[in-house]
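Hi everyone, thanks for coming. I'd like to walk you through a structure that will be new to most of you, so let's put it on the screen.

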Amino acid sequence: MSGTINAPAEARGATPWAVVAARNGVATVFALNGLAVATWFSRVPAAREALGLSAGRLGLLLLAMSAGALVAMSTAGLVTLRLGPARTVAASTALLALGLAVVGLSASLAGSLIGVVVGLFAVGYGSGACDVAMNVEAAAVEKRLGRTIMPRFHAAWSLGSVAGAGLGAGAARLGVPVGWHLPVIAVLVLTGTLLGVRAFLAAPAESADSARPTDHRRALLATWREPRTLLIGLFVLVMAFTEGSANDWLAVAFVDGYGVSEAAGAAVFGVFVVGMTLGRTAGTVAIDRWGRVPVLFGTIGLAVAGSTCAVLAGSGALAVVGVVLWGIGASLGFPVGMSAAADEEDRAPTRVSVVAMIGYTAFLAGPPLLGFLGDHLGILPALGLVPLLLLPILALVPVLRPPAR
């Protein structure tokens, strides 16, 4: 096994049936979160057109979502400790859904840049808080199942993203305004999430912990001094940039760099997400067989080759092949990093929070950085930064090896 604790479900305070139900509930939440985020990313070209933004100004606009996520990361671990994963996921998704609706209405119907910024901040905050809480719950389910399953939860996120990208491409082709598209998806995501969290594992007795919020803050500060946690965070930072740069810019890069239509650009983003989904689905089997370290070396190599091909291919068709490899190669870094941060369940909320906060810095710095480079080089050449950052991060892969038991 790759480092999952083999513990019978009953010994961990849950029946096998409850663990299976929780697994399904967590997968549902991941999928709907992916649907919400990909819905926005797939309509970025439409929002850019509606607001008349340059690449640089679009990068600054995307910064609002990343800033919201980063702010959420600073407190999400403590909130999850106090409220539990289920209530944290429900509340944060409500904020995400509200923000998504505000973005759509502001961009399409009101043409308000300020409204879009506020909405994207809410989307980022809700998504960031939900990300920590649902990963904590996923790690708990993984421990109780006794096998690697975290990448499959992230595969569910990718499947939701595929659906979001597909719906986005269809909506763009049919000329559906984002002012209608985004609010409808927001309602769907919130309703499904509220149903999904009902199956989460029962929270442990927390009366004593809840009475000591100061202890929680001390635990969080202590986590920031753990070398392994910080190195995992740095690894996740680069992998988040690898994934996030495609989420933010791939559709726009193909529209501008290869001259494809807006709908085709959204479809290329869907191809990337399909590659992510394939990698995360097959990755659980590979990790259980060969371990985290060898599998991550292989997938990061694919990401280097794929992202390089996507940028330098010169041909749209060949570039799409690179996008597939890019997606497969980027698929395991973030979920395996989260799983590594949660290797010890009693410290999982604070460690996942710290790793996620470091990782989400990529979503904060990435959009304006690539937007700035895009203004000077073009968006497609700017994506060449991805393989340049991936190569040195190979040195951090051994840090994710599970601790000795």
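I'll start with the whole chain and then go to a few places inside it.

Before anything else, please keep in mind that this is a predicted model. Right, the overall picture. What is the chain built from, helices or strands? We have 17 helices and 0 strands. The radius of gyration is 20 Å, and the globule rule gives 22 Å for 405 residues, so the chain is as compact as a globular protein of that length. If you prefer a box, the C-alpha trace spans about 55 × 45 × 35 Å along its principal axes.

How much of the chain is buried? Of the 405 residues, 57% count as buried. Then there's the question of who touches whom. Taking the contacts with a separation of 6 or more, 86% are between residues 24 or more positions apart.

Now the outside. The accessible surface comes to about 14,900 Å², and carbon and sulfur atoms own 69% of that. As for charges, the chain has 25 positive and 19 negative ones, and the mean positions of the two sets are 3 Å apart.

Okay, let's zoom in on a short helix, α2, which runs over residues 44-51. Is α2 mostly covered or mostly open? Mostly covered: 6 of its 8 residues are buried. The buried ones are Val44, Pro45, Ala46, Ala47, Arg48 and Leu51. So yes, there's an arginine on that list of buried residues. After α2 comes glycine 52, with a positive phi near 65°.

Next, the aromatics. How many aromatic pairs does the structure hold? There are 3, and I'll show you two of them. Take phenylalanine 254 and tyrosine 258: their ring centres are 4.9 Å apart and their planes sit at 40°, so we call this pair tilted. Both phenylalanine 254 and tyrosine 258 are buried.

The other pair I want to show is phenylalanine 272 with tryptophan 326, and this one is edge-to-face, with 5.8 Å centre to centre and 80° between the planes. Why does this pair tie together separate parts of the chain? Phenylalanine 272 belongs to helix α11 (residues 262-290) and tryptophan 326 to helix α13 (residues 316-330), so the pair links parts 54 residues apart in sequence. Phenylalanine 272 is at 0% relative accessibility, so it counts as buried. Tryptophan 326 also comes out at 0%, and it counts as buried.

Two more stops. In helix α6, residues 150-174, you'll find serine 161. Serine 161 is buried, with a relative accessible area of 1%. Which residues does serine 161 touch, leaving out those up to four places away in sequence? Those would be Gly34, Leu35, Ala38 and Val273.

Finally, go to the loop between α5 (113-145) and α6, where isoleucine 149 sits. A loop residue, then, but is isoleucine 149 buried or exposed? Buried, with a relative accessible area of 6%. Again leaving out residues up to four places away, isoleucine 149 touches Arg23, Glu142 and Thr284. To get a feel for distances across the model, compare its C-alpha with that of glutamate 49: these two residues are 100 apart along the chain, and the atoms are separated by 40 Å.

That's the tour. Happy to rotate the view if anyone wants to look again.

Note on methods
Residues are numbered from 1 along each chain as its sequence is written. This is a predicted model: local features need pLDDT of at least 70, side-chain atom pairs count only at pLDDT 80 or more; totals for chains, interfaces and linings use all residues. Side-chain values use heavy atoms; hydrogens and water are left out. Helices (H or I, at least four residues) and strands (E, at least two) are DSSP runs, numbered from the N terminus. The radius of gyration is taken over C-alpha atoms; the globule rule is 2.2 Å times the number of residues to the power 0.38. Buried means under 20% relative accessible area, exposed over 50%, partly exposed in between (1.4 Å probe, protein chains only). Contact means heavy atoms within 4.5 Å. Accessible areas come from the Shrake-Rupley method with a 1.4 Å probe; for residues, only the protein chains shown count as cover. Lys and Arg count as positive and Asp and Glu as negative; His and the chain ends are not counted. The place of a charge is taken as NZ of Lys, CZ of Arg, CG of Asp or CD of Glu. Rings of Phe, Tyr and Trp (its six-membered ring) pair if their centres lie within 6.5 Å; planes under 30 degrees apart count as stacked, over 60 as edge-to-face and the rest as tilted.
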